[in-house]
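Hi,

Here is the structure I promised to pass on. Have it open while you read, and my notes on it follow below.

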Amino acid sequence: MKEKELLLQALAGSNADYAEIRIERELRNQVQFQKDKLENLESSSEVGGIVRCLKNGGWGIVVLNDISQLQQKIEEGERMARLVGEHSSEAAALAEVPVVQETVHAELERDFRDVSLGEKKELIASYNRILLSYDKRVVSTNARYTDSFREVTLANSEGTFIVQQVPDITLLLVAVASAGKTNIEQGFESLGSAAGFEFVLGREEEASNAAKRAVDLLGARSVDGGRYTVILDPGLAGVFIHEAFGHGCEADFLFKSEQMAKIMTVGKRFGNNELNVIDDGYIPGLRGNIPYDDEGVARAKTYLIKNGILSSLLHSRETAKKMGAIPTGNARAVSYEYEPIVRMTNTYIDVGVHSFDEMLAGIDKGIYAVKAYGGQTMFEQFTFSAAYAYEIVNGELGEMLKDVVLTGNVFETLRDIDMIGDDKELYGGSGGCGKGGQSPLPVTDGSPHVRISNVMIGGK
Amino acid sequence: MNALLEELKGRQGELYHLQTRTLPVEFRSGKLESIKSKELEGVALRVIDNGRLGFGTTTNVKDGHGLVDAALATAAFGEKASLAFPAQDDFPSVDTYDQAIVELSERDLVELGEDLIARLERVSSEVDINLSINKVVETVKITNTSGLDAKEERTRILLSVDIEKAREGDIFLLFEEAQASYLNELQVDRIANNLIQQLRWGERIVPTPSRSLPVVFSPAGAICLLLPLVVGFNGKSVFMGTSPLRGRIGETAFSTDLSIADDGTIPHGLRSSSFDDEGIPTTHTPLVNNGVIKRFVYDLRAAALAGVEPTGNGSRSGFRSLPKVGMTNVTISTGTHSQDEIIAELDEGILVDSVLGLGQGNIISGQFSNNVAVAFKIEHGKIVGRVKNTMIAGNAYALLKESLIALGNERRCVHGMLNTPTIAVDGVNVVGQVK
């Protein structure tokens, strides 16, 4: 194989203390409708690579499209690494991991590369028609399909050589409804998986749900700001655990800052005994799957919180070395344009014992918040907007609410979780995680329903 | 004509070719961590075949066949083309290229970063400083079958710093960035001074009440009010019926003190260029004049759909994306007082420099509800300390119409596209920490 020889030759010629090459080949399609217009129908291909060199504790990185330039680029990487090594007193080093030589094939029920552009277009057009025709107040739509098939080759100077096929398929269905010039609302369904074309078939119900929600929200009341007992649905709870807590467990964020590391100490209590939080690198079909991470480290099932106690952080080889831990297979790069950084995979709160009805009972005045529009975290501070919500009055669901934004301190909020449901669900979504400008990285989040007391809600 | 376009054999087509060289240098916790050299090259092809539009992109710039085949395959199922590719035009003369940035070496960037870190560490030792500095040199070439043959080289330098000050139970995260297309316009001193001042202001944490208060948005914080407008003035949103500004040209929808323009021709502007990403000359487009809505911005396709002229606002995010309507430099009118003078006039209020969760929620309607990230309490005309766990909520359209207190007298270029002064508004709903 010509490319393999090229990689091995380039690595053999390097004087770096550690050198690594990752080459990616990608084929992708996109179909997008907005309102009654076909916005995009695209067929694209891409080849690119990244070289990482470690020399005297400094990193030099080179990104290129022209693979024939590898030999020169690996020298350039080494030169830059040496310059970093000269200037920095903080030497990077890597934890030892087994050498791996393996090829991982994607197994798809119906390979989307074999599906014609015409069939893809017709399917999305049919969902778009459902969105548009649901109600005359639906003024616009966004129905977007993407598929991507990547073949990623990783080779390093320690002898690891891994080829992985990475499929990804997403479907986003958005309806925008309007009643008067400033009353504009959206409803959406966002789906993603490491699966074949079958994943996007039969989603008519999701399309009409998205449209119904946009129309319903036109008549919903804006929430009154204040503090409430809140039940999060599995979608929003999943985004919460990923954004607000999971990112705090990423060791690259912690390992150079003593103060941060002190707060995130393994063994510290973060919630009640019922709380378990897991990052699992492989659950069949899920979008966050990575058999091997982008440093060639095998996947792991990592308990971040076990019975309420912080049990592990997420590591790359560099953070593991620095903190005396074992790499967890969480060094991920969104594409060949980027070096791997510590990222989550499939992250979820594990099931508890409570039914949804038990959670409702005993809430005099509360909020049931469903799905996330988006969220952001600044270490301990988080904020999320619910896609929609319902008020809870005397233990029963009441009228629909909008503009529900939840915010708070993640540590206080984890302690305030007083019930965890018995009904876990995991969602891939059509977007992804956006850490460090590397967006969108396919991940999965999930959770059972979760009840939290004393959550601050912003609103009118 | 370009050889690849000749392969279209008489069909209409447009080739967008982008070469980008970047050199990001990263410092973590005050120490140099990595240098990265990135050279990317890719092409995007739009074709019109039998009146239908097709699109494909590739990094394999040498394999024209593959790209032409892919784009034609999509055209078979494509949208009926409403647009025509533009012929060569007279482009405005806009300076976009600084040789001094091209010549910056890795070592120069490392030293620039080290100097700034040393300056900040002299002021406060108990902080963690992450800094990133990057130079960008790009070459854009657009050719099409209508005879367009446009090429431009552009440079940019970007500097961003975040500072973490952590104590048990409290972490203060500060962020400043500066960008320039000419090296000597990079405002390193401003970054340093702002960070040092905010560190001082933030030493004390003060409580916030829960009620309606005046809020002073610094230029960086003003994005909270301006982001909905960036969406609202997009000609495509207007055509699609999702902009609340549709059908309202000529209406006084904002305070008469407020004027807004989109200007792709500003000398040395960050998003300035001679032509947009479809080869249309860039323009100065008035969006709001003294509160009155004047125009919206359009790319080729949105203009064709809406039956208006394009405004030079076709924008691609790299070679992989289709052109979309995008703002260039959004310029907001100034007032007569400095930010300090505006603060001095307030009995009580909040100064907001950044928020969490920007743009999440129902941005189309102008509604925002955000937890503050970096914000300070104003009492009796003075900053008295930092506020945290505080939500601010309101509607950007309503606030900019009925509740504008003042516009600052100095514009800053923030978030890469906004050229805005401080904006102070009254009547923002504030929910403070109840503790």
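A term first: two strands count as paired if DSSP finds at least two bridges between them. Helices (H or I, at least four residues) and strands (E, at least two) are DSSP runs, numbered from the N terminus.

Before the details, some housekeeping. This is a predicted model, with local features needing pLDDT of at least 70, side-chain atom pairs counting only at pLDDT 80 or more, and totals for chains, interfaces and linings using all residues. Residues are numbered from 1 along each chain as its sequence is written, while chains are lettered from A and ligands numbered from 1 in the order in which they are written.

**The sheet in chain B**

Chain B has an open sheet of 6 strands, in the order β11-β10-β9-β14-β21-β20, and the pairing is mixed. β11 (292-293) and β20 (412-414) of chain B are the edge strands, each with a single partner, so one side of each has no neighbour in the sheet. Inside the sheet, β9 (residues 260-263) and β10 (residues 284-289) of chain B run antiparallel and share 4 bridges. If you want a spot to click on, Ile260(B) has Val288(B) in β10(B) as its bridge partner.

Helix α6 (residues 223-232) of chain B lies across β14 (330-332), β20 and β21 (418-420) of that chain, at about 130 degrees to β21(B). For angles like this one, axes are lines fitted to C-alpha atoms (for helices over the stretch in contact), and the angles run from 0 to 180 degrees between N-to-C directions.

**The sheet in chain A**

Chain A also has an open sheet of 6 strands with mixed pairing, and its order is β12-β11-β10-β15-β22-β21. Here the edges are β12 (309-310) and β21 (425-427) of chain A; each has a single partner strand, so one side of each is left free of a neighbour in the sheet. β15 (residues 346-349) and β22 (residues 444-447) of chain A pair in the parallel sense over 3 bridges, and Tyr348(A) has Gly446(A) in β22(A) as its bridge partner. Helix α5 (residues 234-245) of chain A lies across β10 (277-280), β15, β21 and β22 of chain A, at about 120 degrees to β22(A).

**Where the chains meet**

How many residues does each chain bring to the contact? Chain B brings 60 and chain A brings 64, where two residues are in contact if their C-beta atoms, placed from the backbone, lie within 7 Å. On chain B's side, strand β3 (residues 31-49) gives the largest share, 12 residues. By class, that side has 22 nonpolar, 25 polar and 13 charged residues. (Ala, Val, Leu, Ile, Met, Phe, Trp, Tyr, Cys and Pro count as nonpolar, Asp, Glu, Lys and Arg as charged, and the others, Gly among them, as polar.)

Strands pair across the chains too: β2 (residues 37-55) of chain A and β4 (residues 52-58) of chain B run parallel and are joined by 2 bridges. Glu42(A) has Phe55(B) in β4(B) as its bridge partner.

**Domains**

Chain A splits into domain 1 (2-219) and domain 2 (222-458), with bounds from an automatic or database domain assignment. Their centres, taken over C-alpha atoms, are 22 Å apart, and 36 residues of domain 1 of chain A touch 27 residues of domain 2 of chain A.

Chain B splits into domain 1 (3-199) and domain 2 (204-435), with 23 Å between the centres over C-alpha atoms. That contact takes 35 residues from domain 1 of chain B and 30 from domain 2 of chain B.

**One helix pair**

Last, look at α4 (residues 106-123) and α5 (residues 188-201) of chain B, whose axes come within 10 Å and cross at roughly 20 degrees. The two helices α4(B) and α5(B) are therefore roughly parallel, since angles under 35 degrees count as roughly parallel, over 145 as roughly antiparallel, 65 to 115 as roughly perpendicular and the rest as oblique. Leu116(B), Arg119(B), Leu120(B) and Val123(B) of α4(B) meet Val188(B), Ala192(B), Leu195(B), Ile196(B) and Leu199(B) of α5(B). By class, this contact has 8 nonpolar, no polar and 1 charged residues.

Cheers
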